[in-house]
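Please open the structure in your viewer and keep the selection panel at hand. The tour below goes from one selection to the next and says what is to be found at each stop.

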Amino acid sequence: MSEYEAVIGLEIHVQLKTKTKLFCSCPNEYGAPPNTLVCPVCLGLPGALPVLNREALGFGVLAALALNAEIHKDSVFYRKNYFYPDLPKGYQITQYTRSIATDGYLEFEVDGYRRKVRIERMNVEEEAAKSTHTEDGFVLLDFNRSGIPLLEIVTFPDMRSPREARVFLERLKEILRYIGISNCDMEKGELRVDSNISVRPKGQEKLGVKVELKNLNSFKSVEDGLSFEMKRQIELLKAGKRVVQETRLWDEFEKVTRTMRVKEEAHDYRYFPEPDLLPVRIDDDFIISWKKRLPELPAEKKERFMRQYSLNDDLASRLVHERDVADYYEEVVRNLPREEKAFKLAANWVVTEIMRVLNETGQKIKNLRITPPKLAELLSFIHSGKISQTIAKEVFEKMFGSDRTASEIIKEEGLETVQEADVLEKIVDQVIEENEELVEKYRKGKKGVLGALIGQAMKLTKGKGDPKVIRDLFLKKLGD
Ligand SMILES: [Zn+2]
């Protein structure tokens, strides 16, 4: 297998979350009752005229800026003619060869090495209606989806393994969510992926015969489907057979790809410029106004987090994955002492406790009862030694279920760490007295039993003792 490499290109369609549809003022919303968000334009009624949505164009510009692409001030909408039940006009309006942007790239890290994938073009185009095939053989059409703006992103075949394709998509999704143009929820069809893949012996310049692979409905199926297809093609070549140029479907349940159609010739869509829309011209002011909305992107943010807060790669990656989580973290840190120890404490709590709560409850971090200042207060008590991590977790659970602050809970329930040496000394003495055997072992050199002794003392303080103070007391008393 390792003598071969894959050559993979992707075509991605992303639903833009504009307020209204691309060519009419119908709301762009998910989940409304079928066929309630429609008008003559998005139903494709004769004589209805499209009016271009300015925001959709702006979203295209924003994506182009984030993906380092060249923005074209002049672009043109075309009609792509074909018949399908979900396309009542008989054509889709798309930018075809006069794209809003071309020649971008995305650079990212895969398992320790860097890869740069070039983006060939980015087109703004309209979505078709949603068709649902019922078990009894009917096709149901929902035109709420018809006319929602899409951004089509076509890459060059720059990926060399299924893993690279998956990581590219993960990074792309992060960026598109950061700039706020799409939620990219694959389950809702807000991000869809088609791919093409060929294989060739490593070192060979010439491309192999490519296969188009469809029905990749999750990042996992992108990686699994392409991996299966790569293996299938390599086995054919090794057996002296040839790969047939065709379109195949990934079967998620059987974990195989199957022929969908063998390509006879390219489709002729009879593209021609849309006569109902003027060519699009955008000026510098338009681009500048959208450039102002470009946020710090995940890769830059990760670098900054590693520098500014002394976080390692893994922790920083997990914090910047979602912009809201990164913002939450920074607000927590703003409310803590400016010390490396506090930065790390906050990072660990956000990626473990906060993420756990979000996963368990399905809440959004923005709506969490435990706001950043509230979490910061709790963490400041750990930082200063007022409470232990164990007690802090207990307090955290109580904060989650009420509106009480950490200090209120700690005060009301008497959870403060016992640091007074005389109280702890009595407890340590008690433990030493009650555990003659362990103490004997310790004195004979089995230093490992110290943990058990400390544990007993902690138990007697009901978790409120300061483990460090207790440890020092044991060391003193046991003559170390
Ligand atoms: Zn409409």
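Begin with the C-alpha centres of domain 1 and domain 3, which lie 65 Å apart in what is a predicted model. To colour the chain accordingly, select domain 1 as residues 10-200 together with 267-288, domain 2 as residues 298-412, and domain 3 as residues 421-477.

**The nine-stranded sheet**

Next, select the 9 strands that form an open sheet of mixed pairing, and follow them in the order β2-β6-β7-β10-β1-β11-β12-β13-β14. At its edges you will find β2 (70-71) and β14 (256-262), each of which pairs on one side only. Helix α3, residues 219-238, packs on this sheet, where it touches β1, β11 (191-201), β12 (211-216), β13 (246-251) and β14, and its direction makes about 25° with that of β11.

Now restrict the view to β6 (residues 101-110) and β7 (residues 113-126), which run antiparallel and are joined by 9 bridges. One place to inspect this pairing is Phe108, whose bridge partner in β7 is Arg115. The two strands, β6 and β7, form a hairpin with 2 residues between them, and Asp111 in that turn has a positive phi of about 40°.

Add β10 to the selection, since the next pairing is between β7 and β10: these strands run antiparallel, with 7 bridges between them. Which residue of β10 is the bridge partner of Arg121? The partner is Val154, and Val154 in β10 also stands opposite Glu11. To see the latter pairing in context, display β1 (residues 4-15) alongside β10 (residues 149-155); the two run antiparallel and are joined by 5 bridges.

**The three-stranded sheet**

Move on to another open sheet, in which 3 strands are arranged in the order β5-β4-β15 with antiparallel pairing. Its edge strands are β5 (91-94) and β15 (272-273), each pairing on one side only. Between β4, residues 78-81, and β5 there are 4 bridges, the two strands running antiparallel; within this pairing, select Lys80 and you will find its bridge partner, Gln92, in β5.

**Two helix pairs**

For the helices, it helps to recall that a packed pair is described by the angle between the axes and the distance between them. Select α1 (residues 54-66) and α4 (residues 284-291), which pack at an angle of about 65° with their axes 9 Å apart; α1 and α4 are therefore roughly perpendicular to each other. The crossing of α1 and α4 is right-handed. To show the contact itself, display Gly58, Val61, Leu62 and Leu65 of α1 together with Ile287, Trp290 and Lys291 of α4, a set that divides into 5 nonpolar residues, 1 polar and 1 charged.

Finally, select α6 (residues 313-320) and α8 (residues 340-361), whose axes come within 10 Å and cross at roughly 55°. Are α6 and α8 oblique or roughly perpendicular to each other? They are oblique, because angles count as roughly perpendicular from 65 to 115 degrees. The crossing of α6 and α8 is left-handed. Here the side chains to display are those of Leu315, Arg318 and Leu319 in α6 and of Ala347, Val350 and Val351 in α8, the residues that make the contact. By class, this contact of α6 with α8 has 5 nonpolar residues, no polar ones and 1 charged.

Technical notes
Residues numbered from 1 in each chain as written. Predicted model: local features only at pLDDT ≥ 70, side-chain atom pairs only at ≥ 80, totals over all residues. Pairing = 2+ DSSP bridges. Contact = placed C-beta atoms within 7 Å. Axes fitted to C-alpha atoms, helices over the stretch in contact; angles between N-to-C directions. Parallel < 35°, antiparallel > 145°, perpendicular 65-115°, else oblique. Left-handed = near helix turned anticlockwise from the far one by under 90°. Nonpolar A, V, L, I, M, F, W, Y, C, P; charged D, E, K, R; others polar. Domains from an automatic or database assignment.
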